[in-house]
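Welcome! Please take a moment with the sequence and the model below, and then we can walk through them together.

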Amino acid sequence: MIKFHKCFSYRGLIDVCVNKDEKVSITNLMKALSEDLTATLEIETIKKIKGIKKIKGKEMAKLKAFEIKKGHIRIFFTYIDEGICIVYATRKQKNKTETNDLKVVKQRLKTVHN
């Protein structure tokens, strides 16, 4: 199951895309994830985000954030009991994840794992 963070939506994910090809690619990815989450995650390029540090009072295991790279789009998610929760998406600016993006992801992780 795919959930979106309360501050983020499917529409927000599509808004990150700048052309039709990117929108089609992201739409196909979301469809594949909803049909078979495990198999799709195994074939996509997934990277654990290392810039997320322990948040006071939270278990470290619950605070892991991951990134799916799809062209120039980066989709940040975390695992939840029901599947995954997409917390944020952005366009790739550099090879390194931007500090501001990490801050947003960290803030949203706090509310996902209460």
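A good place to begin is a group of rings: Phe4, Phe8, Phe76 and Tyr88 are linked into a cluster by ring pairs. Rings of Phe, Tyr and Trp (its six-membered ring) pair if their centres lie within 6.5 Å; planes under 30 degrees apart count as stacked, over 60 as edge-to-face and the rest as tilted. Six aromatic pairs are found in the structure. In one of them, Phe8 and Tyr88 have ring centres 6.5 Å apart and planes at 50°, so this pair is tilted. Phe8 sits in the loop between S1 and H1 while Tyr88 belongs to strand S5, so the pair ties together parts that are 80 residues apart in sequence. Both partners are buried (under 20% relative accessible area; exposed is over 50%, partly exposed in between, with a 1.4 Å probe and protein chains only): Phe8 has 12% relative accessibility, and Tyr88 has a relative accessible area of 16%.

Before going further, note that this is a predicted model, in which local features need pLDDT of at least 70, side-chain atom pairs count only at pLDDT 80 or more, and totals for chains, interfaces and linings use all residues. Residues are numbered from 1 along each chain as its sequence is written, and side-chain values use heavy atoms, with hydrogens and water left out.

**The overall layout**

The protein has four helices and five strands. Here helices (H or I, at least four residues) and strands (E, at least two) are DSSP runs, numbered from the N terminus. Reading from that end, the order of the elements is β-α-α-α-β-β-β-β-α. Of the 114 residues in the protein, 39% are buried. Among contacts (heavy atoms within 4.5 Å) with a separation of 6 or more, 52% are between residues 24 or more positions apart.

**The nonpolar cores**

Nonpolar side chains tend to be buried together in soluble globular proteins. A nonpolar core is a set of buried Ala, Val, Leu, Ile, Met, Phe, Trp, Tyr and Cys residues joined through side-chain atoms within 4.5 Å. The largest one has 19 residues, and Ile26, Met30, Leu33 and Ile75 have the most contacts inside it. H1, helix H2 (20–35), H3, S3, S4 and S5 each give two or more residues to this core. H2 contributes the most, with four residues.

What does Ile26 touch, leaving aside its neighbours within four places in sequence? Its contacts are Leu13, Ile14, Cys17, Lys70, Ile73 and Ile75. Apart from this core lies another, of eleven residues, including Ile49, Leu63, Ala65 and Leu109.

**A closer look at helix H4**

Helix H4 (residues 99–112) has 14 residues, which should span 20 Å at 1.5 Å a residue (the expected span is 1.5 Å times one less than the number of residues). Its end C-alpha atoms are 20 Å apart, which agrees. Asp101, Leu102, Val105, Arg108 and Leu109 are the buried residues of H4. They cover an arc of only 135° around the axis (taken from the directions from the helix axis to the C-beta atoms), which puts them on the same side of H4. The buried residues of H4 pack against S4 and S5. On the face turned away from the buried side are the exposed residues Thr99, Asn100 and Lys103.

**Salt bridges**

Side chains of opposite charge can pair when their charged atoms come close. A salt bridge is a side-chain nitrogen of Lys or Arg within 4 Å of a carboxyl oxygen of Asp or Glu, and by this rule there are five. Among them are these:

| Pair | Closest N and O atoms |
|---|---|
| Glu82 and Lys3 | 3.5 Å |
| Arg11 and Asp15 | 3.0 Å |
| Lys70 and Glu44 | 3.4 Å |

Lys70 lies in strand S3 (residues 66–70) and Glu44 in the loop between helix H3 (37–43) and strand S2 (46–48), so their pair ties together parts that are 26 residues apart in sequence. Lys70 is partly exposed, at 23% relative accessible area, whereas Glu44 is buried, at 17%.

Arg11 and Asp15 are four residues apart in helix H1 (residues 10–16), and so are separated by about one helical turn. Arg11 is exposed, with a relative accessible area of 54%.

As for the remaining pair in the table, Glu82 is partly exposed at 41% relative accessibility, and Lys3 is partly exposed at 36%.
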